[in-house]
Structure formats: structure tokens, C-alpha cells
Amino acid sequence: MLKKLAVVTAAVLVAAVVHPGSSDASTTAENYGQYSLMFEKSAGQYWAGQAAAGQWAWTPLSATESDISWGDPKAWPPKSAEHFIHDGEWVLLDGYNDGAGRPLTQIQRVTSEEIGDAACNNLQPIPSAGGRQHYVKWTIPAAGYCLDASGTIKPPNGSTTVNFRHLQKWLPPHPCSNPYFTGQTCITQFEQWWDDNNHDYSLQLSRTLEIARGKGMAFTNRTTVPVPWNADARYYWHY
């Protein structure tokens, strides 16, 4: 699995938007931005046991594009990032680069995508968005949903090809806590990732992540594949 793909994560926003035609200004719809903070210069650090296990930071590039970096806080910044695009009702995953703000070095394109209910039943094809992966809905729906995407990852010259599948289940806002924060509200991303990068095509990652409103990514991380591992957000900041 590509090093920069091992942190296939999430990016999720939440901005309060009054429903058109509503006579009640308190009726609002949240979006992936209020949770992930993808369009703010936001960062966080998560701990496993008594030590920092990793760090993330968003680098907004425009009103519609942002890169997220994941890495070791002792060797920051990392030489990899994921590139996301907000396009209407979706956040799309475009590919990966050698550092936030740099050109794509690995371009991810889907060959099939489906959406269904939270149990991954009643799957239906998703119309293509230029081949970019539909990663998460921008406006957070009241019910959970499933996304199942398959495709390829290639450098711009097409010299190598990695085949992948990315299965996700997104759950709506709910109360959440971890050892360092209580009384929060989170959305949940369950994800599984398969690829054939220098090995037989197989499951490389299975985990459940929570993203906290107004704080950002990796509020909790409960990983089962490749090994059982838990981590929790301890620090959040803006830079």
C-alpha cells in the first residue's frame, strides 16, 4: 500500500445553512466543514497510550480545494498529503502529492462507485465527477450512508498502476467523548481499503474514526487491520 495512501482518512465539513424557504432560522443543516475544518488552517495531534502517535494539518488552497497532511510530529511536515475538492454536494478525493500545496504525484480515479444505506444495501451507481472519488457528502444527512468505490492510482506519466477498493460507512452526528474531551458531537467514518501495491490484492486497512464538530479529524481511531490499535485526539489548534 502506498505510504501516502495508508492514511486514507477522512475530511468532513460542517457549516450552518438555513434551509431555503424555512420560516425558522434555527433550522439548520450541518456540513462536513464544521467537523473536519478542512477550509481552516487547523491541526491536531492524537495519542496512543502515553505518547503522541501522529499529527494532521489542513492546508486550504482555495475556496474549494484543500490538502491534508498526516505524519510524525517529530518529523513535521511530512512529505505527503491528500488533495480534496469541494464540488457542490460532495467532497471529492483527487489524489496524493509530495507535500501540501504541491502538484499531484499519484492520481486516483474510480472505475465504479455506488451509494447505499448505512448497511451498504440498495447500492446504486453514482454519476462520475471526472473520475474523482466521491469521498463524503458535504451536507450531513440525517441518515447514515455507504460508499463503495473501486479504481486505480497512477502517477501522471502512467508508469505504474495500483488497483484499489475503498468502502466507507458514514454515520450522522452523535454524542462522543474520548479520554481527553467529553461532551462533544461527532460524525463517524468506518472504512476499509484494499489494494495490490507490491503485493497480492488484499485488505490493508479497516478502522472506525470519529470527527468532532469544531475540533477536527481523528477524535477517536479504532483500527482492527493491519493490527488492533487505538488512538485519541489530545490537542487541537489553528496555525
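The largest cavity in this predicted model holds about 70 Å³ of space. A search of the whole structure turns up one cavity of 30 Å³ or more. Twelve residues might sound like a crowd, but 12 is what lines the largest cavity, and the closest to its centre are Ile 140, Pro 141, Tyr 145, Trp 170 and Leu 171. Strand 12 supplies the largest share of that lining, with three residues. Strand 10 (133-137) and strand 12 each bring at least two residues to the wall of the largest cavity. As for chemistry, the lining of the largest cavity splits into 11 nonpolar residues, no polar ones and one charged one.

Next comes the nonpolar core. The largest one has 43 residues, and those with the most contacts inside it are Tyr 32, Trp 56, Phe 84, Trp 170, Met 217 and Phe 219. Strand 7 (residues 90-97) gives the most to this core, putting in five residues. In soluble globular proteins, nonpolar side chains do tend to be buried together. Trp 170 turns up twice in this account: it is listed among the residues with the most contacts inside the largest core, and it is also one of the residues closest to the centre of the largest cavity.

Turning to the disulfides, the structure holds two. One joins Cys 120 to Cys 146, with an S to S distance of 2.0 Å. The torsion about the S-S bond of Cys 120 and Cys 146 is about 85°, so this disulfide is right-handed. Distant parts of the chain are linked here: Cys 120 sits in the loop between strand 8 and strand 9 (124-125), Cys 146 sits in strand 11, and the two are 26 residues apart. Both Cys 120 and Cys 146 are buried.

The other disulfide is formed by Cys 176 and Cys 186, whose sulfur atoms are 2.0 Å apart. The link of Cys 176 and Cys 186 is right-handed too, with 75° about the S-S bond. Cys 176 belongs to strand 12 and Cys 186 to strand 13 (residues 184-195), so the bond ties together parts that are 10 residues apart in sequence. Burial is under 20% relative accessible area, so Cys 176, at 5% relative accessibility, counts as buried. Cys 186 is buried as well, its relative accessible area being 0%. With bonded cysteines counted along the chain, the disulfides follow the pattern 1-2, 3-4.

That leaves the charged pairs. A search of the whole structure finds six salt bridges. In one of them, the side chains of Glu 30 and Arg 213 meet at 2.8 Å, N to O. This pair spans 183 residues of sequence, from Glu 30 in the loop between strand 2 (28-29) and helix 1 (32-36) to Arg 213 in the loop between strand 14 (202-212) and strand 15 (216-225). Glu 30 has a relative accessible area of 19% and so is buried, whereas Arg 213, at 37%, is partly exposed.

A salt bridge also brings together the side chains of Asp 94 and Arg 109, at 3.0 Å, N to O. Asp 94 lies in strand 7 and Arg 109 in strand 8 (residues 104-117), and the pair links parts of the chain 15 residues apart. Asp 94 counts as buried because its relative accessibility is 6%, while Arg 109, at 23% relative accessibility, counts as partly exposed.

Arg 165 and Asp 148 make another such contact, their side chains meeting in a salt bridge at 2.9 Å, N to O. Here the link runs between Arg 165 in strand 12 (residues 162-176) and Asp 148 in strand 11 (residues 145-154), which are 17 residues apart. Arg 165 comes out as partly exposed, with 27% relative accessibility; Asp 148 is buried, with a relative accessible area of 13%. Finally, salt bridges that share partners join Asp 94, Arg 109 and Arg 132 into one network.

Terms used: Residues are numbered from 1 along each chain as its sequence is written. This is a predicted model: local features need pLDDT of at least 70, side-chain atom pairs count only at pLDDT 80 or more; totals for chains, interfaces and linings use all residues. Side-chain values use heavy atoms; hydrogens and water are left out. A nonpolar core is a set of buried Ala, Val, Leu, Ile, Met, Phe, Trp, Tyr and Cys residues joined through side-chain atoms within 4.5 Å. Buried means under 20% relative accessible area, exposed over 50%, partly exposed in between (1.4 Å probe, protein chains only). Helices (H or I, at least four residues) and strands (E, at least two) are DSSP runs, numbered from the N terminus. A salt bridge is a side-chain nitrogen of Lys or Arg within 4 Å of a carboxyl oxygen of Asp or Glu. A disulfide is a pair of cysteine sulfur atoms within 2.5 Å. On a 1 Å grid over the protein atoms alone, a cavity is a set of points where a 1.4 Å probe fits but cannot get out, and a pocket is an open set with protein on both sides within 12 Å along at least five of seven lines; lining residues have an atom within 4 Å of a point. Grid points are joined across faces, edges and corners, and a volume is the space filled by probe spheres set on the points. Ala, Val, Leu, Ile, Met, Phe, Trp, Tyr, Cys and Pro count as nonpolar, Asp, Glu, Lys and Arg as charged, and the others, Gly among them, as polar.
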